[in-house]
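Work through the exercises below with the model in view. Try each task before reading its solution.

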Amino acid sequence: MSKGRLDALLDGLGIKLVPVYRRRLAAQSHARGTMHEIRNQYGDGHLVMTLRCIRQTKNNRDELWSETIGAVSDILIQRPDWAIDRAGEILDAFDRVPLGILRGKAVARRPWPVRATLRTLIYEQLETILDEPEQRLAV
């Protein structure tokens with residue numbers, strides 16, 4: 001049986017999708033639906049950049065939860081100036097964002113939607129790292 005296009009794309013990033021009834025290991029995810037959604041709406045390049053922001057960091061390499069992937073994608077769509085114009089800087093910035101800790105805070109705030117809460121928590125940290133201080137004050 002040949003691999004699907006999504007699985008082949010993820011092979012290049014060192015990620016394996018597993019069924020939800022199996023426990024995730026390092027570099028594995030249950031987030032097939034979220035990845036399909038992002039890929040279908042924004043394309044392969046956007047999905048790859050989203051996953052690189054997670055996988056190519058020191059402490060976040062295995063934070064491949066659907067809510068985390070979705071939140072990172074949302075931020076990259078909202079801030080193309082970060083995602084496109086400053087791709088190297090955003091990858092470096094994600095080294096300083098503790099995705100697992102922030103996801104735990106978002107989960108603790110249920111019944112609020114985890115993805116939306118997590119998006120806000122991540123965005124605040126990235127904004128502090130990537131935006132000029134005078135830009136933040138002008139808002």
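## Exercise 1: A threonine in a helix

**Task.** Decide whether T68 is buried or exposed.

**Solution.** T68 has a relative accessible area of 0%. The cut-off for buried is under 20%, so T68 counts as buried. Keep in mind that this is a predicted model. Next, place the residue: T68 lies in helix α4. Then list its contacts, leaving out residues up to four places away in sequence: T68 touches I54, E63, L99, R103 and L118.

## Exercise 2: The helix around it

**Task.** Check the length of helix α4 against the expected rise, and find how many of its residues are buried.

**Solution.** Start with the length. Helix α4 covers residues 66-78, which makes 13 residues. At 1.5 Å a residue, α4 should span 18 Å. The C-alpha atoms at its ends are 18 Å apart, so the two values agree.

Now turn to burial. In α4, 10 of the 13 residues are buried, so the helix is largely enclosed by the rest of the structure. Those residues are E67, T68, I69, G70, A71, V72, S73, D74, I75 and L76.

## Exercise 3: A partner helix

**Task.** Describe how helix α3 packs against α4.

**Solution.** Two packed helices are described by the angle between their axes and the distance between the axes. For α3 (residues 44-55) and α4, the angle is about 115 degrees and the axes are 9 Å apart. The crossing of α3 past α4 is right-handed. On the α3 side, H46, M49, T50, L51, C53 and I54 make the contact. On the α4 side, T68, I69, V72, S73, L76 and I77 do so. Sorted by class, this contact has 8 nonpolar residues, 4 polar ones and no charged ones.

Check the length of α3 too. Its 12 residues should span 16 Å at 1.5 Å a residue, and its end C-alpha atoms are 16 Å apart, which agrees. The buried residues of α3 are H46, L47, M49, T50, L51, C53, I54 and R55. They pack against several helices, including α1 (5-11), α2 (32-42) and α4.

## Exercise 4: Salt bridges

**Task.** State how many salt bridges the whole structure has, then examine the pairs R119 with D74, R79 with D131, and D44 with R39.

**Solution.** A search of the whole structure gives 10 salt bridges.

1. Take R119 and D74. Their closest N and O atoms are 2.4 Å apart. R119 sits in helix α8 (residues 114-130) and D74 in helix α4, so far along the chain that 45 residues separate them. R119 has a relative accessible area of 30%, so it is partly exposed. D74 is at 19%, so it counts as buried.
2. Take R79 and D131. Here the closest N and O atoms are 3.0 Å apart. R79 is in the loop between α4 and α5 (80-83), and D131 is in the loop between α8 and α9 (133-138), so the pair ties together parts that are 52 residues apart in sequence. Both R79 and D131 are buried.
3. Look for shared partners. Salt bridges of this kind join E37, D74, R115 and R119 into one network.
4. Take D44 and R39. Their side chains meet in a salt bridge of 2.5 Å, N to O. D44 is at 36% relative accessibility, so it counts as partly exposed. R39 is at 10%, so it counts as buried.

Key. Residues are numbered from 1 along each chain as its sequence is written. This is a predicted model: local features need pLDDT of at least 70, side-chain atom pairs count only at pLDDT 80 or more; totals for chains, interfaces and linings use all residues. Side-chain values use heavy atoms; hydrogens and water are left out. Helices (H or I, at least four residues) and strands (E, at least two) are DSSP runs, numbered from the N terminus. The expected span of a helix is 1.5 Å times one less than its number of residues. Buried means under 20% relative accessible area, exposed over 50%, partly exposed in between (1.4 Å probe, protein chains only). Axes are lines fitted to C-alpha atoms, for helices over the stretch in contact, and angles run from 0 to 180 degrees between N-to-C directions. A crossing is left-handed if the near helix is turned anticlockwise from the far one by less than a right angle, and right-handed if clockwise. Contact means heavy atoms within 4.5 Å. Ala, Val, Leu, Ile, Met, Phe, Trp, Tyr, Cys and Pro count as nonpolar, Asp, Glu, Lys and Arg as charged, and the others, Gly among them, as polar. A salt bridge is a side-chain nitrogen of Lys or Arg within 4 Å of a carboxyl oxygen of Asp or Glu.
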